[in-house]
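Colleague: Could you take me through one part of this model closely, namely how its helices pack against one another, and then add whatever bears on burial and on the cysteines? I would like the residues named wherever that is possible.

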Amino acid sequence: MTSKQEQSPDATAVPDTVDSYVGGEWVSVDSDEGQPVVNPATNETLADVPFATAEDVDEAVQTASEAFEEWSRTPPVERVQYIFDLKQELEARQEDIAQALTREHGKTLNEARGEIRRGIENVEVAAGIPNMMREGSGNVQDVAKGMDEHAIRQPLGVFTAVTPFNFPAMIPLWFLPYAVATGNTFVLKPSEKVPLSSQLIFEAVDAVDFPDGVVNLVNGGVDTVTALLEHDDIEGISFVGSTPVAQHIYQTAAEHGKRVQAQGGAKNYAVVSEDAELEEAVPNVIGSVYGNAGQRCLANDVVVGVGDSYEPLREEVLDAVDDLTVGNGLDEDTDVGPLITGESAERVKGMIEDAIDEGADLVVDGRDFEHPDYPDGNFLGPTLLEGVTTDMDITQTEIFGPVMALTKADDIDEAIEMVNSTQYGNASSLYTENGAEARKYRYEVDAGNIGINVGVCAPMGFFHFGGRKDSFFGDLHAQGEDAINFYTDKTITIERYYSH
């Protein structure tokens with residue numbers, strides 16, 4: 001493992017204040033509660049984020065509610081003109097958002113740029129709302145003599161999204177463009193750890209000049225989320241985060257009569273079969289496990305070598321891990337950035353130590369990594385454990401850190417049993433050139449997102465983001481057709497006219 005010193009441009013376009021955006025205006029929040037926004041590579045304070053009170057939340061929701069009637073009656077072909085403009089504004093600000101994202105989160109600039117690109121992809125898909133809303137609607141003439149029946153999609157009101165720290169630019173764009181393009185109004189509550197990306201996204205929103213109150217932003221912690229969950233004028237909530245919080249969001253929102261989609265945690269397995277092309281598979285596996293410092297719900301952090309593939313897989317993985325560069329994400333040569341907080345780093349270290357106590361072999365130890373130029377950073381070097389089994393916590397609990405657990409299966413059936421052994425059902429990947437084996441895998445593995453020779457199986461914006469078991473709570477997922485169904489309801493009209 002090596003380290004690099006920061007060689008990036010000077011900090012630009014990183015907001016030093018964190019405000020709300022309500023009714024088409026930036027609003028300073030006067031609150032006794034808040035916290036600093038910290039660069040995890042240096043632990044320097046970038047800004048302070050004041051937490052919105054229940055009164056602040058009520059003002060934002062009421063403003064959105066008042067804007068709903070006129071916005072919902074705006075023709076979809078007019079609404080999407082704002083979406084087209086938002087795409088252009090976000091593209092013009094991509095590098096500024098990437099810089100801010102890397103400073104507040106720690107991921108590499110290339111990862112930040114890719115994240116923003118995926119977010120903009122959803123804006124592009126949402127621009128097709130007029131056609132997407134037509135699909136699934138319909139009419140039947142003469143359901144009875146002289147009687148016709150129609151199904152028409154209609155928006156519902158104010159929606160909100162509570163988004164996580166690990167993809168602060170992409171995940172808000174899973175929700176915002178679809179909600180407003182379908183005719184709803186929207187309130188975003190980003191993670192309090194990484195609010196700066198949202199500040200820049202909302203600068204783009206402000207430049208587009210949406211009608212006042214259509215798109216709003218509040219910042220805060222648990223109390224802010226509770227105020228949104230319990231507000232009578234919120235029709236639905238989207239959430240991405242840990243499983244315990246997703247369960248709480250799901251239950252509380254349902255108790256208050258709201259639509260809810262809550263993406264939870266994950267424990268994903270990658271299986272490398274005897275038919276895999278290792279020169280292609282290994283870099284892909286490494287990117288899946290260690291990219292974003294392992295802080296993503298699509299990380300395949302348990303890697304299973306099938307049969308005779310195990311030993312050559314192990315050898316190539318060890319070589320690849322040794323070549324990874326740990327450092328500040330602003331350095332273009334960095335492969336693995338810091339973890340989001342010091343507490344997160346200590347939690348991951350504790351899970352590594354627990355795995356060793358349970359009998360795992362520590363092959364590569366990143367616990368004591370220190371960066372010579374950033375001694376205060378939340379760094380954890382790439383770590384590899386071997387000899388793990390499915391009864392260990394390391395193979396059952398989401399780790400959210402740069403740690404690979406490497407193990408062996410005798411055949412594909414045993415590998416599938418391993419994959420399905422967890423409470424989660426978010427994602428899994430198989431590396432093979434055997435079509436029958438791939439078909440068996442996608443048929444039998446109980447996960448919502450499956451990759452075949454793809455390590456990070458993140459769906460394109462025109463497909464929904466899958467998730468099963470304890471990885472998802474709700475009926476309709478983010479993105480694609482599911483998003484249209486979530487943000488609209490179908491009104492059935494049955495008509496008969498009598499001639500005079």
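Modeller: What follows treats two helix pairs in turn, then one further helix, and then the cysteines.

The model is a predicted one, and everything below should be read with that in mind. I begin with helix 4, residues 109-126, and helix 6, residues 172-181, whose axes come within 8 Å and cross at roughly 15 degrees. Because angles under 35 degrees count as roughly parallel, helix 4 is described as roughly parallel to helix 6. The crossing in which helix 4 passes helix 6 is right-handed. On the side of helix 4, the contact is made by Gly119, Ile120, Asn122, Val123, Val125 and Ala126, while helix 6 contributes Leu173, Trp174, Pro177, Tyr178 and Ala181. Sorted by class, this contact of helix 4 with helix 6 holds nine nonpolar and two polar residues, with no charged residues.

The second pair consists of helix 2, residues 76-92, and helix 7, residues 196-208, which pack with their axes 9 Å apart and at an angle of about 135 degrees. That angle makes helix 2 oblique to helix 7, and the crossing of helix 2 past helix 7 is right-handed. Here the contact is made by Tyr82, Asp85, Leu86, Glu89 and Leu90 from helix 2, together with Ile201, Ala204, Val205, Ala207 and Val208 from helix 7. In the contact of helix 2 with helix 7, the residues divide into eight nonpolar and two charged, with no polar ones.

Turning to burial, helix 15, residues 480-487, has six of its eight residues buried, so helix 15 is largely enclosed by the rest of the structure. The buried residues in helix 15 are Gly480, Asp482, Ala483, Ile484, Phe486 and Tyr487.

As for the cysteines, how many disulfides does a search of the whole structure find? The search finds zero disulfides. Cys297 is in no disulfide, and the nearest cysteine sulfur to its own, that of Cys457, is 9.6 Å away. Cys457 is likewise in no disulfide, its nearest cysteine sulfur being that of Cys297, at 9.6 Å. Since a disulfide requires a pair of cysteine sulfur atoms within 2.5 Å, the 9.6 Å from Cys297 to the sulfur of Cys457 does not qualify. Cys297 counts as buried because its relative accessibility is 14%, and Cys457 is buried too, with a relative accessible area of 9%.

Technical notes. Residues are numbered from 1 along each chain as its sequence is written. This is a predicted model: local features need pLDDT of at least 70, side-chain atom pairs count only at pLDDT 80 or more; totals for chains, interfaces and linings use all residues. Side-chain values use heavy atoms; hydrogens and water are left out. Axes are lines fitted to C-alpha atoms, for helices over the stretch in contact, and angles run from 0 to 180 degrees between N-to-C directions. Helices (H or I, at least four residues) and strands (E, at least two) are DSSP runs, numbered from the N terminus. Angles under 35 degrees count as roughly parallel, over 145 as roughly antiparallel, 65 to 115 as roughly perpendicular and the rest as oblique. A crossing is left-handed if the near helix is turned anticlockwise from the far one by less than a right angle, and right-handed if clockwise. Contact means heavy atoms within 4.5 Å. Ala, Val, Leu, Ile, Met, Phe, Trp, Tyr, Cys and Pro count as nonpolar, Asp, Glu, Lys and Arg as charged, and the others, Gly among them, as polar. Buried means under 20% relative accessible area, exposed over 50%, partly exposed in between (1.4 Å probe, protein chains only).
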